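Visitor: Got a minute? I'd like to go through this one with you.
Guide: Sure. Put it up and ask away.

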Amino acid sequence: MSLLIRARARRVLAGLLLLAATACTTGPSLENQGEVTAPPGDSKELTIGSAGFTESDLLAQMYALLLERAGYSADLISVTNREIYEPALESGQIDVVPEYAATFADWLNAKADGADAAPVGSPDLAATMKALRALAAPRGLTVLNPGRAVDQNAFAVAASYAREHDLKTLSDVGRARLPVRLAAGDECVQRPYCAPGLEKTYGIDIVAVDPKGVGTTQAKQAVQNGQDQMVLTTTTDATLDQFGLVLLADDKKLQNADYVVPVVNRARAGSAGVRDALGRLNTVLTTADLASMNEQVDSWRRLPEDVARTYLESKKLIPKG
């Protein structure tokens, strides 16, 4: 990273810290956002935000490389707290972030209408995107089109267990009437997309929830050794093979549509140039690709920037070199 970029990143971070301090007392106000009908901006110097975990870092790196290929200058900054980076996105201190459609829709909905607001994210991608865009627009944010990649809750079993009972989908588990101990977070007993949803939608007999966390090593080991029969993880979990686990298809679409979507500050990065540059990723990036790249970073200890560059080069989205 050049001295110029480091200096700019420090200025952005300082601004974010100030924003966080003021947000704790006042919070961002929609009344201060200005008219959202103004023409979309096309700043040539953009800051890409990452939420600080591997997948977000990879997506941010790919966004930066694609934007640079399209003639933009793109700096990266990692801000792990959505309560900080979302207001920074509204204010233009951050211009682009990778987000997840249903999760971000529900987060903005709770921000607008309170923590007890009814969820607007759903398994229906079109309905979720409509709700998300309606919530984002008054805040000066534009949600670009989703691609093929989705990072949502998923359930895995031991490959040997799947073979023994001929399981490929969650419906197969329900039909087999197998008693299931589920390794998951302790909140799973109440979440509609976890134990209650498995029981209601698929008829799965959840006899207990083993509170070992979502996709943790301990949770996956519990399924690997037969202590539990199923584990709650995500569709881009890169370590399932290491534990001899396989995902079961969510064939009745219980889980919300958490497709990867770029969210931009309209006044600075709402142009067709930004949209087209980032949209090039939509036709190629799959859930399996994300899982593979996560594995390269988390297990092979490759740098996110190197993994992102290699992937885009392999898809001919940026030139080699």
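Visitor: How many helices and strands are in the protein chain?
Guide: The chain has 13 helices and ten strands. Keep in mind that this is a predicted model.

Visitor: Noted. What share of the residues is buried?
Guide: Of the 321 residues in the chain, 50% are buried.

Visitor: And the surface? How much of the accessible area belongs to carbon and sulfur?
Guide: Carbon and sulfur atoms hold 52% of it. The total accessible surface is about 15100 Å².

Visitor: What fraction of the contacts with a separation of 6 or more joins residues 24 or more positions apart?
Guide: That fraction is 76%.

Visitor: Let's switch to empty space. How much is in the largest pocket?
Guide: About 950 Å³. It has 28 lining residues, and the closest to the centre are Arg82, Thr103, Asn153, Arg191 and Asp258.

Visitor: Which element gives the most to that lining?
Guide: Helix α4, with four residues. At least two residues each come from α3 (82-91), β3, α4 (101-113) and β8 (230-234).

Visitor: What's the chemical make-up of the pocket lining?
Guide: It divides into 13 nonpolar, eight polar and seven charged residues.

Visitor: How many cavities of 30 Å³ or more are there?
Guide: One. The largest cavity holds about 90 Å³ of space.

Visitor: Which residues line the largest cavity?
Guide: Tyr63, Gly147, Arg148, Ala149, Val260, Pro262, Leu278, Leu281, Asn282 and Leu285.

Visitor: And how does that lining divide by type?
Guide: Seven are nonpolar, two polar and one charged.

Visitor: Leu278 is on that list. Now for α11: which of its residues are buried?
Guide: Helix α11 covers residues 272-279, and its buried residues are Val274, Ala277 and Leu278. So Leu278 is both buried in α11 and part of the cavity lining, and the three buried residues sit on the same side of α11, because they span an arc of only 90° around the axis.

Visitor: What covers them?
Guide: The cover includes two helices I'd point to, α2 (54-69) and α10 (266-269). Strands are part of it too, among them β1 (45-50), β3 (96-100) and β10 (260-265).

Visitor: β3 came up before. Where was that?
Guide: In the pocket. Strand β3 supplies at least two residues of the lining of the largest pocket, and it also helps cover the buried residues of α11.

Methods: Residues numbered from 1 in each chain as written. Predicted model: local features only at pLDDT ≥ 70, side-chain atom pairs only at ≥ 80, totals over all residues. Heavy atoms only, no water. 1 Å grid on protein atoms, 1.4 Å probe; cavity = no way out; pocket = protein on both sides within 12 Å on 5 of 7 lines; lining within 4 Å. Points joined across faces, edges and corners; volume = space filled by probe spheres on them. Nonpolar A, V, L, I, M, F, W, Y, C, P; charged D, E, K, R; others polar. Buried < 20%, exposed > 50% of the residue type's maximum accessible area, 1.4 Å probe, protein only. Contact = heavy atoms within 4.5 Å. Areas by Shrake-Rupley, 256 points an atom, 1.4 Å probe, with all protein chains shown as cover. Arc of directions from axis to C-beta.
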